[in-house]
Amino acid sequence: MIELINPDLVSLDADLGSATDEVIDHLARLVAAQGRATDAQALAADAKAREAKTATGVPGGIAIPHCRSAAVLEPTLAMARLAPAVDFGAKDGPADLVFFIAAPEGADTEHLKLLSKLARALVKKSFTAALRAARTPEQIVELVSAVLSDDPAVAAAAAGATAAPAPAPTEAPGASAPVARIVAVTACPTGIAHTYMAADSLAQTAEEMGVEFAVETQGSSGSTPLPQSVIDAADAVIFAVDVDVRDRGRFAGKPLIQVPVKRGIDEPAKLINDAIAASKDPHSRRVPAGTGSEERNDSTDKESFGAGLKRALLTGVSYMIPFVAGGGLLMALGFLLGGYAITDVADTYLADNSIFNLPDAGLAAYLGAVAFKIGNLSMGFLVPALAGYIAYAYADRPGIAPGFTAGAVAGFMGAGFLGGIVGGVLAGLAARWISSWKVPRFMRGLMPVVIVPLLGSIIASGLMFLILGGPIAQLTVALNSWLSGMTGTAAVALGLILGLMMAVDLGGPVNKVAYSFAVAGLGAGSIAENPAPLMIMAAVMAAGMVPPLAMALATVISPKLFTGAERENGKAAWLLGFSFISEGAIPFAASDPLRVIPASMVGGGITGAMIMGFQVLSQAPHGGIFVFFAMNNTWPMFLLSTLVGTVVSAILVILLKKFVRKSAPQAVAAEEPTTVSA
């Protein structure tokens, strides 16, 4: 049996402090002291980041902090029996049994299966009772090793198979079948502990309730899909997940209860009862026919309009950004090769010339025209993609076609970015409503591919043409005119606000709103006639570069104020900042938000205001300093403004770390980092 734990990795009846961070720090040091991790601080930081996403305390006085980390050399278990117990976020109180699971980033399946087996055993009350009764670390290791053993008899005995048997299934009066048939999927971000504990907790509870139950664990140690016949026969499905369900289309049409994975451990009986109730309610929420991944993950079947709108907007923006980033960089390359006049001659070059018949301006100009046109066409998908994926967030795959169509209508009518949002929402709501219709079985296959796209497009695009498109277009024109006339103090104030928004959540919703606002107006901007949108784009990009650059600079100026892991992150933050990837500052903000975020906001606001005051222009929506050639002759002031904001934020965060006491750790309110800043 692979040695995952030894007596030196066990602390019994230890006082490790009153906070989760102190316990994690101690256990990470145990792992590193055994030569199983290269850096205790880096390992602890990764575990704390995982803890910030979802508390790892589970019922029964147990906590399972865990993570994958580049600092881990081999899969390891460290265990502490605490006195006093420490609150790890479980509903029934603090935990006295803490298992720290440290997995390498590339852990093999066999190791992960063993770690998952331990997590499942912790659901057994007799096993945890034996852990509490053990007197020596050697006894703890013996118990854990038995659970992880390949000998079924030994493992079953250690895991508590001798406990009192579950009550016999309760059968409905006059029937021989179980009360209900429920299937479930469990999954957590790491896929090691919560995934399997939730599955076992639900399975045990279902057995006690007399419910026929089957569960699919989509974890790191592999996943065996439920047979389609079992899914088809089920009355309802439970998704206890913190990540997307793989191939959710298999469950299409089933009444659905979807919650975070931890509720599968904390409230299994309630979830099963909710699923049974949903199976009897013709109006209950159901798994849509599409296979979209943007499912809301809440504890009820209802979602407020505001929450749904926010979720849909963020989805639309996240899918829109690749069109904008790729297209914008190609346009910038076109300016580099063909000059700023390429906007006027690109179509002529491409219509009249070829690689074998170059224009008089030469090869560079022709290639510039090609790059500019490809980028321009990509940017043309901005509004349709935004609308299409807003609709997708509401109605999954059947909403995409109505959404793209409504976005194209918004572009045709001049309603722009605002029209795309409205059209996408209309298309998504229409598609979701049509998908909810009860239709004969022979029509169900036509619903997602024909009926929903057809009727959804008619409803959403019809409303845009007949009623909404014109007024929204007038509003868009008025907004562009207002921005074009903005000068002096008003422009500086706008730059300040945009800079604050870019730094407040480092790639989160507020950051994306500011970025989307800038990108939306970029197509209407021009150096000669309408420079305001280009100034806004420059302000947003420069301000978004400040937080990671400031953190990188701070780690160089005062390295002792930062952990080893943060200093390593600081090295990467240089490139991320120069490339306009604001998420490079997230590792710093996650561990110290109340000092890092205010400092970043001050520097970002100053940079945004300076950009607008100096009338810096950017015709590229992304790329940071690497698209200086898309800034006409204003790029020196772009660099100066970014430098000033970076220095201010770096000095401020150093002063705050030296003279302001750190508060209790909490996670930065940001979206998960993506590969593209917004």
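These legends describe close-up views of a predicted model.

**Figure 1. The whole chain.**
The chain holds 25 helices and ten strands. Buried residues account for 53% of its 678 residues. Consider contacts between residues at least 6 apart in sequence: 75% of them join residues at least 24 apart. The exposed area of the chain is about 28000 Å². Carbon and sulfur atoms supply 62% of that area.

**Figure 2. The largest nonpolar core.**
This core has 62 residues. L382, Y515, V540 and F638 have the most contacts inside it. Helix α21, residues 532-557, gives the most to this core, with twelve residues. Domain 3 (307-476) contributes residues, and domain 4 (488-660) does too, so the core lies between them. In soluble globular proteins, nonpolar side chains tend to be buried together.

**Figure 3. V540 and its contacts, with a second core.**
Residues up to four places away in sequence are left out of this view's contact list. V540 then touches L498, M502 and A514. V540 also touches Y515, A518 and F580. A second core, separate from the one around V540, has 56 residues. Among its members are A102, A119, F127 and I265.

**Figure 4. A nonpolar patch on the surface.**
The patch covers about 740 Å². Its residues are L333, L336, L337, I355, F356, L358, L363 and L367. Two helices, α11 (305-338) and α13 (363-379), each supply at least two of the patch residues. Helix α11 gives the most, with three residues. I355 belongs to the loop between α12 (342-352) and α13. I355 has 44% relative accessibility, so it counts as partly exposed. That value falls between the 20% limit for buried and the 50% limit for exposed.

**Figure 5. A cis peptide bond in strand β5.**
The peptide bond from A83 to P84 is cis. Its omega is near 10°. P84 lies in strand β5, which spans residues 76-86.

**Figure 6. D13, with a positive phi.**
D13 is not a glycine, yet its phi is positive, at about 50°. The residue sits in strand β1, residues 10-14. Is D13 buried or partly exposed? With 48% relative accessibility, D13 counts as partly exposed.

**Figure 7. D396, with a positive phi.**
D396 is not a glycine, but its phi is positive, at about 60°. D396 is found in the loop between α14 (382-395) and α15 (400-412). Is D396 buried or exposed? D396 counts as buried because its relative accessibility is 4%, and buried means under 20%.

**Figure 8. A70 in a loop.**
A70 is placed in the loop between β4 (66-69) and β5. Its relative accessible area is 59%, so A70 is exposed. Which residues does A70 touch, not counting residues up to four places away in sequence? They are D46 and E105. L43 is 27 residues from A70 along the chain. The C-alpha atoms of A70 and L43 are separated by 7.9 Å.

Conventions:
Residues numbered from 1 in each chain as written. Predicted model: local features only at pLDDT ≥ 70, side-chain atom pairs only at ≥ 80, totals over all residues. Heavy atoms only, no water. Patch = residues over 30% accessible without salt bridge, like charges linked within 9 Å, V, L, I, M, F, W, Y side chains within 5 Å. Areas by Shrake-Rupley, 256 points an atom, 1.4 Å probe, with all protein chains shown as cover. Salt bridge = Lys/Arg side-chain N within 4 Å of Asp/Glu carboxyl O. Helix = DSSP H or I, 4+ residues; strand = E, 2+ residues; numbered from the N terminus. Buried < 20%, exposed > 50% of the residue type's maximum accessible area, 1.4 Å probe, protein only. Core = buried A, V, L, I, M, F, W, Y, C linked by side-chain atoms within 4.5 Å. Domains from an automatic or database assignment. Contact = heavy atoms within 4.5 Å.
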